[in-house]
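Me: Please take one part of this model and examine it closely, with its surroundings. I should like every term given with its cut-offs, in one connected account.

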Amino acid sequence: MTLTLPALQPARGRPRTRLPNVPKPQSRSSPVVTERVRRLSRGQVSDRLQELGDLYAETSGGDAWAWNQARADFLLHLAADARRPGFSLLIAESTALAGYAYGFPTAGAGPWWAGFGGHTGGSLLRRAASGRLFVVSGIVVPPRVRREYKDQVWNLARRLQRRLLTDHRATLGVTLVNARDTTVVDTMRSWGWRDAGDDGLPPVPLAVPPDPFRVLVLVPGA
C-alpha cells in the first residue's frame, strides 16, 4: 500500500492543548470502574466507524465546523490504517464506548517505515527488523483520562496501550507526536512513553520545521 504524508501525522486521538474544567468528584476516574477492553475484528471496525468517529470528535473539542472536519479527517486515517497487515483496534466500553486505541506491527521495511525518514535510529530499525516493533497509531480517551491518575496502572489509556503491545508480543511500542505540543508530549510521557534516547536507546534528532515530529517509545508493561 502506498503511504501518504497525512498518515505520518502525530498519533490521532492525542491530548489537546485546550485546558479542561476541573472535574466534579463523581466524574473522576476510579480503579473500581473498569471498562471491558476487547478487540474488534476488521468487520466490526467497519460497522462501528461512525461511532468511533463520533467519540474522536467529541474528545477533540472545537466548534461545529471543527468537529465535523476533525471527524472526517480522522475516519480517512483510520480506514487507511485498518488496511495495514496486523492492524488491531481495542475498545473499552461499559454501557457505552469509553475509549479505544489502535495500531499495527512493522517489520522495518516497506513504504510506511520509509516515510519516517530521518526520525529513526539504528536501534529502532533493528527492533523493527525483528518483527517485534508495534506502532501505536492512535489513543482516543475522554479528557478526564488524560488529566487524572495518569501514572496509575488502571488508567484507561495505559490499559489500552499495554494490551496492544501484549497482544502482539511487541518488545517496544513507537509513535510520533508533535514536538511543539508540550501538552501532548507531557501527557504521553505520564503514560509511560519516553523519548527515543531514554532507557538506553540512542537519541533520535528532532526534525526541524515544517516537520516537527518527535519519536516516543513505550516498553511493555509501562
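Reply: Among contacts in the chain between residues at least 6 apart in sequence, 72% join residues at least 24 apart; a contact here means heavy atoms within 4.5 Å. This is a predicted model, in which local features need a pLDDT of at least 70 and side-chain atom pairs count only at pLDDT 80 or more, whereas totals for chains, interfaces and linings use all residues. Residues are numbered from 1 along each chain as its sequence is written, and side-chain values use heavy atoms, with hydrogens and water left out.

The part examined below is strand 3 (97-106), but the confidence of the model comes before it. The chain averages a pLDDT of 75, and 65% of the residues score at least 70; pLDDT is the predictor's confidence in each residue, from 0 to 100. Among the elements, strand 2 (residues 88-93) has the highest mean, 96, and helix 4 (residues 111-114) the lowest, 50. Residues 1-29 have a pLDDT below 50, and this stretch has 67 contacts in the model beyond near neighbours in sequence. The pLDDT is also below 50 over residues 198-210, where the model has 24 contacts of that kind.

The chain contains 8 helices and 7 strands; these are DSSP runs numbered from the N terminus, with helices being H or I of at least four residues and strands E of at least two. Seven strands make up an open sheet of mixed pairing, in the order 1-2-3-4-5-7-6, where two strands pair if DSSP finds at least two bridges between them. At its edges, strand 1 (36-40) and strand 6 (194-195) each pair on one side only. Helix 2 (residues 49-60) packs on this sheet, touching strand 2, strand 3 and strand 4, and its direction makes about 105° with that of strand 3. Such angles run from 0 to 180 degrees between N-to-C directions, along lines fitted to C-alpha atoms, for helices over the stretch in contact.

Strand 3 itself is mostly covered, with 9 of its 10 residues buried. Buried means under 20% relative accessible area, exposed over 50% and partly exposed in between, with a 1.4 Å probe and protein chains only. Across the chain of 222 residues, 49% are buried.

On one side, strand 2 and strand 3 run antiparallel and are joined by 6 bridges, and a hairpin connects the two through 3 residues. Within this pairing, Leu89 stands opposite Tyr102 of strand 3. Strand 3 also pairs with strand 4 in the antiparallel sense, over 7 bridges, and there Gly103 stands opposite Val136 of strand 4. Strand 4 (residues 133-140) in turn runs parallel to strand 5 (residues 172-178), with 3 bridges between them. One of the bridge partners is Leu172 in strand 5, opposite Leu133.

Two helices that meet strand 3 deserve a word. Helix 2 has 12 residues and reaches 17 Å from its first C-alpha to its last, close to the expected 16 Å, the expected span being 1.5 Å times one less than the number of residues. Its buried residues include Leu49, Leu52, Leu55 and Tyr56. Helix 7 (residues 156-167) lies across strand 3 and also across strand 1, strand 2, strand 4, strand 5 and strand 7 (213-218), running at about 145° to strand 2.

Aromatic side chains complete the picture. The structure holds 6 aromatic pairs; rings of Phe, Tyr and Trp (its six-membered ring) pair if their centres lie within 6.5 Å, and planes under 30 degrees apart count as stacked, over 60 as edge-to-face and the rest as tilted. Phe74 and Tyr102 form an edge-to-face pair, with 6.3 Å from centre to centre and 65° between the planes. Phe74 lies in helix 3 (residues 64-82) and Tyr102 in strand 3, so the pair ties together parts that are 28 residues apart in sequence. Both Phe74 and Tyr102 are buried. Ring pairs further link Tyr56, Phe74, Phe87, Tyr100 and Tyr102 into a cluster.

Tyr102 therefore brings together several of these threads: it faces Leu89 across the strand pairing and shares a ring pair that ties strand 3 to helix 3.
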